[in-house]
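Colleague: Could you take a close look at the sheet in this model for me, and at what sits around it? I'd love one connected walk-through.

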Amino acid sequence: MKIVDLPTIAIIGPGKVGTSIGILASRAGYQIAAIGGRNKERTIAAAKRIGNGVRACSISEAAKKAPIVLLSVTDDAIEDICIRLAEQKKLKQKAVVVHCSGALSSNVLTSAHDYCKCSIASMHPLQTFPTIDETVKRIKGAYCFCEGDENAVSIIEQLAKSIGMKPVKISSKSKTLYHAAAVMACNYLVVLMDSAIRLAENAGIDRKTAWLSFKPLVTATLDNINSMGTADALTGPIARGDIKTVSRHLHELSSVDGVLAAVYRTMGLYAAEMAATKGTITTKKAEKIRTLLKKV
Ligand SMILES: NC(=O)c1ccc[n+]([C@@H]2O[C@H](COP(=O)([O-])OP(=O)(O)OC[C@H]3O[C@@H](n4cnc5c(N)ncnc54)[C@H](OP(=O)(O)O)[C@@H]3O)[C@@H](O)[C@H]2O)c1
């Protein structure tokens, strides 16, 4: 059954996020007026996945069709596409124009406001979306950081809630730093796991065994962070102040890839600061560990 007072949406960018939001918003009762893309085949495929008779068309055709325009294109394309649509008056007057980038604020959509009196916002679903199927599953329960004009934000908060996300407000000037934090939590976790596996390979353990043996350790660590917070979850030689062990690690690391050693040293510097703040080592010991870690 359609919920009559939900606004109609046009989606620009038939990629993972655009298609998935289209599928979920359509299921939640929103009418998706059109999906627009630069590639005809990919746009038609996305329209088919969204279903409910969604039209596949060009970017400028789609933009004109709804009072909410979701720009789910890559970060680098958002501003240029918005300028093009706004200058050519391809947006409805007073439409709500939204993008999904984590690093950019709604300021990149200013042209829509200037040329077409649109209100502008950004909504960033804080999840990792490798495929459309995964995105559709993972959007539910994800936090969605929103900022922009008040009217636009209240509309996207409603959209976010309707498709199962938890909207959170963020200030426009904090977007890039917020995104850098998310990159560390997500992408750098992958990097950290890969560097641990490569170190294990250097120790003669094959990749598969390395990951299978690390998995319970990683899962337990995440559980500990969840139940007791990061400070209490920190264990190991630096938290204990075992300087000789750290020294032995550094000695062995000197014979492996320099980047791996640099990752170990940098994370160790942060671990020493955490351990000193927590009080499991003295500030004097933390300083000794830091000096050791900085020595090349
Ligand atoms: N993936 C994630 O984990 C994730 C999570 C949260 C937020 N986001 C944000 O969501 C937005 C979309 O990301 P995504 O993962 O859905 O990317 P994606 O799957 O790569 O899709 C990007 C879409 O943008 C279109 N596009 C790129 N450059 C264009 C241009 N110059 N002109 C017209 N269309 C262009 C692509 O068109 P073609 O199909 O023709 O190539 C594609 O349909 C980004 O702002 C991203 O930061 C992504």
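Modeller: Happy to; here is the sheet first, then the helix across it, the ligand shell and two loop residues. Please keep in mind that this is a predicted model. The sheet is open and built from eight strands, in the order S3-S2-S1-S4-S5-S6-S7-S8, with mixed pairing. At its edges are strand S3 (55–57) and strand S8 (166–169), each of which pairs on one side only. On average, neighbouring strands of this sheet are turned by 25 degrees against each other, direction ignored.

Let's zoom in on one pair. Strand S5 (residues 96–99) and S6 run parallel and are joined by four bridges. Here valine 96 stands opposite serine 119 in S6.

Now for the helix: H1 lies across strand S1 (9–12), strand S2 (32–36), strand S4 (68–71) and S6, and runs at about 170 degrees to S2. Both H1 (16–27) and S6 (119–126) also turn up around the ligand, where they and helix H4 (75–87) each supply at least two residues of the shell. That shell has 23 residues, with Gly15, Val17, Val73, Ala77 and Phe129 the closest. By type, the shell residues are eight nonpolar, 11 polar and four charged.

Two loops leading into strands deserve a glance as well. Between helix H2 (40–50) and S3 lies asparagine 52, whose phi is positive, near 50 degrees, although the residue is not glycine. Asparagine 52 counts as partly exposed because it has 13 C-beta neighbours inside 10 Å. Lysine 117, in the loop between helix H5 (110–116) and S6, likewise has a positive phi, near 55 degrees. With 12 other C-beta atoms within 10 Å, lysine 117 is exposed.

Conventions
Residues numbered from 1 in each chain as written. Predicted model: local features only at pLDDT ≥ 70, side-chain atom pairs only at ≥ 80, totals over all residues. Near = placed C-beta within 6 Å. Nonpolar A, V, L, I, M, F, W, Y, C, P; charged D, E, K, R; others polar. Pairing = 2+ DSSP bridges. Axes fitted to C-alpha atoms, helices over the stretch in contact; angles between N-to-C directions. Contact = placed C-beta atoms within 7 Å. Buried ≥ 20, exposed ≤ 12 C-beta atoms within 10 Å, placed from the backbone.
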